[in-house]
Amino acid sequence: MLIIRLSALGDVAMTIPAIYSLARQYPSLHIDVLTRPFFARLFINRPANIDIITADFKGEYRGASGMWKLMRRLAALHPDCVADLHNVLRSWLIDAWLRLRGVKVAMVDKNRRERSRLFSDKVAQTNFVNRYADVFARLGYPVKLDFKSIYDGFPAQSPIEPDTPCVGVAPFARYYNKTYPPEMMRRVVENLCRSGINVYLFGGRGREAEELQQWANDIDRCHSVAGCYSIDLELALMSRMEVMVSMDSANQHLASLAGTRVLSVWGSTTPACGFLGYGQRPDDTVCLNLSCQPCSVAGKPTCPQGHLDCMCNIPPSMIADKVRGMLRHS
């Protein structure tokens, strides 16, 4: 089986519970996963029957000639079937090329026609991990989602041993209207640290790392690891956290791969959009469920209403209290 998922970070992470479950339940099935080079590093401790094929669309496979080269490479694998977990133009071209060679193709259903009901009638969408499993079933490989962690049976080699109790906080998201205001999240961190909890801040290099380092400099028991480690080491450190606090962002899904319980904070999107982290509890969410939520499926750079009430009306104490409650019952 050839599996296609080219981007983005959180979406690729969401495929792993389904792919690993498939591989373990069908050990005689050889699986090739096509993705970008950076995302290949997520497939930690993968089952032996999974191989990763990387495609750099800014390098070797750039442009039309590069796409042609990639399709010929994939055809040379002689796959029996293709699971297209991306459903975009690039994957359509690959699908069409292999269909012409008699290969069976199944594509993830993004349910675009039903999305309007999400906004008008608040009809919840199927979680994407289940949608990925459905693709495998349509190819003749029904899967029970029994994935627990990329470290299940393997020790995680964390770059540091955090002080306990420890909570990870990943305060940023790609889009403005999926991000809890940083000045308010800083108050969450201060609240947690004052109560004796050690907070570890996760984020990207550059501006995010600079801001989070300033928080760490100013707040006792607060430590920034933003931009300090490669993604595999960051995942191992996430596995050491007792709770992770995240937006509806890639960090929610990375922590889920590490088997860590996540408190997710939702704004323009809600869990009804189908992106709750794998294995996470619906109760471990902070979402006001305002009449204007959700306003998008994946996030936008602005608030359509201009007020961002979905985030700004969440008191920092609500998030901090919920984290403490999760720690008490973990």
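**View 1. Strand β4 and its parallel neighbours.** In this close-up of a predicted model, Cys 81 stands opposite Lys 104 of strand β5. The two strands concerned, β4 and β5, the latter covering residues 104–107, pair in the parallel sense over 4 bridges. Strand β1, made of residues 2–4, also pairs with β4 in the parallel sense, here over 3 bridges, and Ile 4 is the residue that stands opposite Asp 84 in β4. Within β4 itself, which spans residues 81–84, Cys 81 and Ala 83 point one way while Val 82 and Asp 84 point the other way, and all of these residues are buried. Together with helix α3, strands β4 and β5 make a β-α-β unit that is right-handed.

**View 2. An edge-to-face pair of tryptophans.** The whole structure, when searched, yields 8 aromatic pairs. One of these pairs is formed by Trp 68 and Trp 97, whose rings lie 4.8 Å apart from centre to centre with 70° between their planes, an edge-to-face arrangement. Because Trp 68 belongs to helix α2 (residues 63–75) and Trp 97 to helix α3 (residues 89–99), the pair ties together parts that are 29 residues apart in sequence. As for accessibility, Trp 68 has a relative accessible area of 40% and is partly exposed, whereas Trp 97, at 15% relative accessibility, counts as buried.

**View 3. A stacked pair of phenylalanines, with an arginine over one ring.** The ring centres of Phe 128 and Phe 275 are 4.8 Å apart and the ring planes meet at 10°, so this pair is stacked. Distant parts of the chain are linked in this way, since Phe 128 lies in helix α5 (residues 128–138) and Phe 275 in the loop between β10 (262–265) and β11 (285–286), with the two positions 147 residues apart in sequence. Phe 128 counts as buried at 5% relative accessibility, and Phe 275, at 11%, counts as buried too. The ring of Phe 128 also has the charged end of Arg 131 sitting over it, 4.3 Å from the ring centre.

**View 4. Further contacts that involve aromatic rings.** Tyr 20, Phe 43, Phe 147 and Tyr 278 are linked by ring pairs into a cluster. Elsewhere in the model, Arg 207 lies over the face of Phe 172, at a distance of 5.4 Å from the centre of that ring.

**View 5. The largest pocket and its lining.** The largest pocket holds about 1100 Å³ of space. Its lining is made up of 38 residues, and those that lie nearest the centre of the pocket are Ala 8, Leu 9, Gly 10, Ser 249 and Ala 250. Two or more lining residues come from each of the helices α1 (9–25), α5, α8 (231–238) and α9 (250–257). Helix α1 also includes Gln 25, a residue that is partly exposed, with a relative accessible area of 28%. Although Gln 25 and Lys 144 are 119 residues apart in sequence, their C-alpha atoms are 8.2 Å apart in space.

**View 6. The largest cavity.** The structure contains 2 cavities of 30 Å³ or more, and the largest cavity encloses about 50 Å³ of space. The residues that line this largest cavity are Ala 13, Met 14, Pro 17, Val 129, His 253, Ser 256, Leu 257, Gly 277 and Tyr 278. The elements that contribute two or more residues to this lining are α1 and α9. Tyr 278, one of the lining residues of the cavity, is also a member of the ring cluster described for View 4.

**View 7. The six-stranded parallel sheet.** An open sheet is formed by 6 strands in the order β8-β7-β6-β9-β10-β11, and the pairing of these strands is parallel. At the edges of the sheet stand β8 (222–224) and β11, each of which pairs on one side only. Inside this order, strand β9 (residues 243–247) and strand β10 run parallel and are joined by 4 bridges. Met 244 has Val 262 of β10 as its bridge partner.

Definitions and conventions
Residues numbered from 1 in each chain as written. Predicted model: local features only at pLDDT ≥ 70, side-chain atom pairs only at ≥ 80, totals over all residues. Heavy atoms only, no water. Phe/Tyr/Trp six-rings, centres within 6.5 Å; stacked < 30°, edge-to-face > 60°. Buried < 20%, exposed > 50% of the residue type's maximum accessible area, 1.4 Å probe, protein only. Lys NZ or Arg CZ within 6 Å of the ring centre and 35° of its normal. Pairing = 2+ DSSP bridges. Right-handed = clockwise from strand over helix to strand, strands pointing away. 1 Å grid on protein atoms, 1.4 Å probe; cavity = no way out; pocket = protein on both sides within 12 Å on 5 of 7 lines; lining within 4 Å. Points joined across faces, edges and corners; volume = space filled by probe spheres on them.
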